[in-house]
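Please open the model in your viewer and keep the selection panel at hand, since this tour goes from one selection to the next.

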Amino acid sequence: MSEVTTPQVRPTRPYFSSGPCAKPPGWDASKIATESLGRSHRAKIGKTRLQYCIDLMREMLQLPDTHCIGIVPGSDTGAFEMAMWTMLGARPVTTLAWESFGEGWVTDAAKQLKLDPTVIRADYGQLPDLGQVDWSNDVLFTWNGTTSGVRVPNGDWIAADREGLSFADATSAVFAYDLPWDKIDVATFSWQKVLGGEGGHGVLILGPRAVERLESHTPAWPLPKVFRLVSKGALAEGVFKGETINTPSMLAVEDAIFALEWAKSLGGLDGLKARSDANAAALDKIVAEREWLSHLAADPASRSKTSVCLSVAGADADFIKKFAGLLEKEGAAFDIAGYRDAPPGLRIWCGATVDTADIEALGPWLDWAYASLNA
């Protein structure tokens with residue numbers, strides 16, 4: 001290893017984890033508003049800040065007034081399971097799976113809710129045939145598969161005249177792509193991805209068809225209190241006006257507000273997309289210049305611009321563990337090993353909170369780690 005030249009320039013912020021992700025540039029704990037801390041979330045200040053957070057999310061996502069936004073417990077997983085447990089069962093269900101989180105929704109639909117779903121699968125790195133989807137069914141899918149780096153290219157495949165509901169786990173997609181909200185009945189995400197916020201809370205977005213389902217359908221199974229979105233047969237509207245079902249962390253809320261205000265200073269969604277696009281392009285260039293490195297998602301049309309998954313020639317899980325460990329020890333890159341259920345490889349977050357200069361600085365360090373382990 002002594003013969004391998006160590007790069008001189010490290011990424012300034014070597015935070016490339018795919019969740020929780022890098023904090024926004026310029027973030028500092030001292031910049032977080034604290035007036036709501038130690039106060040009841042049901043006091044005027046708590047409700048005001050929660051509603052402000054919801055209003056900022058609506059503005060940054062360019063979400064139409066037809067859709068409701070609620071802050072719920074359990075991160076993206078909690079939000080998606082809340083949607084499944086409260087709305088499924090009225091129609092047959094189709095689940096799409098091309099990575100581990102999609103497989104998680106298959107398991108919930110089949111083994112927990114016992115709905116006998118139609119399952120359409122693809123291997124890691126591939127996208128299933130979206131033309132197989134029967135839109136008389138409710139359809140569950142990940143918009144951007146965080147653990148495979150594969151996304152749906154757009155919403156054209158979602159039927160405008162669908163009878164079923166579209167459920168999009170969009171946690172690695174919101175704030176990075178233009179999402180066709182007229183095609184999405186349910187969307188979920190967490191602040192910890194593109195916004196670089198803290199974990200623990202999820203966001204649930206409901207279109208009018210989802211609200212209609214909630215108010216007209218009673219699930220065949222009991223619902224935990226934290227999942228209940230209907231009161232006396234009508235949508236519990238307070239949940240979508242800052243009146244959370246359970247006690248939220250106001251510190252996490254204030255942190256999300258910081259990130260959203262930062263996003264607004266960039267020009268909103270367009271600014272966030274531009275940063276993600278630039279980061280993905282910089283990483284594409286690194287990959288193209290190295291024969292030993294390749295994208296797990298071979299088709300650029302369905303390749304993620306946020307959670308980018310890479311294959312390393314000849315690498316097994318042990319090699320990747322050592323590779324990522326070398327870079328972490330040097331302070332050059334944190335948390336870039338691929339997801340535990342994915343094929344051995346690297347996963348580098350290219351969302352908006354990462355600086356393009358840090359992606360560019362990463363290239364020589366990838367060379368260094370590869371050469372060091374092969375020396």
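Which element gives the largest share of the lining of the largest pocket? In this predicted model, select helix H2 (75-87), which contributes three residues and with them the largest share of that lining. Add strand S5 (144-145), which together with H2 completes the list of elements that give two or more residues to the lining. The pocket itself has a volume of about 220 Å³, and of its 18 lining residues Phe101, Thr146, Thr171, Gln192 and Lys193 are the closest to its centre. Coloured by class, the lining shows two nonpolar, eleven polar and five charged residues.

Next, select strand S8 (residues 186-190), where five of the five residues are buried, so that the strand is largely enclosed by the rest of the structure. Val186, Thr188 and Ser190 point one way from S8, while Ala187 and Phe189 point the other way. Extend the selection to strand S7 (residues 166-169), which runs parallel to S8 and is joined to it by three bridges; here Ala168 stands opposite Ala187. Then add strand S9 (residues 201-206), which runs antiparallel to S8 and is joined to it by five bridges, with Val186 opposite Leu206.

Finally, move to helix H4 (residues 208-216), which with three residues gives the most to the lining of the second largest pocket. This pocket has a volume of about 170 Å³ and is lined by 13 residues, among which Leu214, His217, Pro219, Leu223 and Val230 lie nearest its centre. The lining of the second largest pocket divides into six nonpolar, five polar and two charged residues.

Conventions:
Residues are numbered from 1 along each chain as its sequence is written. This is a predicted model: local features need pLDDT of at least 70, side-chain atom pairs count only at pLDDT 80 or more; totals for chains, interfaces and linings use all residues. Side-chain values use heavy atoms; hydrogens and water are left out. Buried means under 20% relative accessible area, exposed over 50%, partly exposed in between (1.4 Å probe, protein chains only). Helices (H or I, at least four residues) and strands (E, at least two) are DSSP runs, numbered from the N terminus. Two strands pair if DSSP finds at least two bridges between them. On a 1 Å grid over the protein atoms alone, a cavity is a set of points where a 1.4 Å probe fits but cannot get out, and a pocket is an open set with protein on both sides within 12 Å along at least five of seven lines; lining residues have an atom within 4 Å of a point. Grid points are joined across faces, edges and corners, and a volume is the space filled by probe spheres set on the points. Ala, Val, Leu, Ile, Met, Phe, Trp, Tyr, Cys and Pro count as nonpolar, Asp, Glu, Lys and Arg as charged, and the others, Gly among them, as polar.
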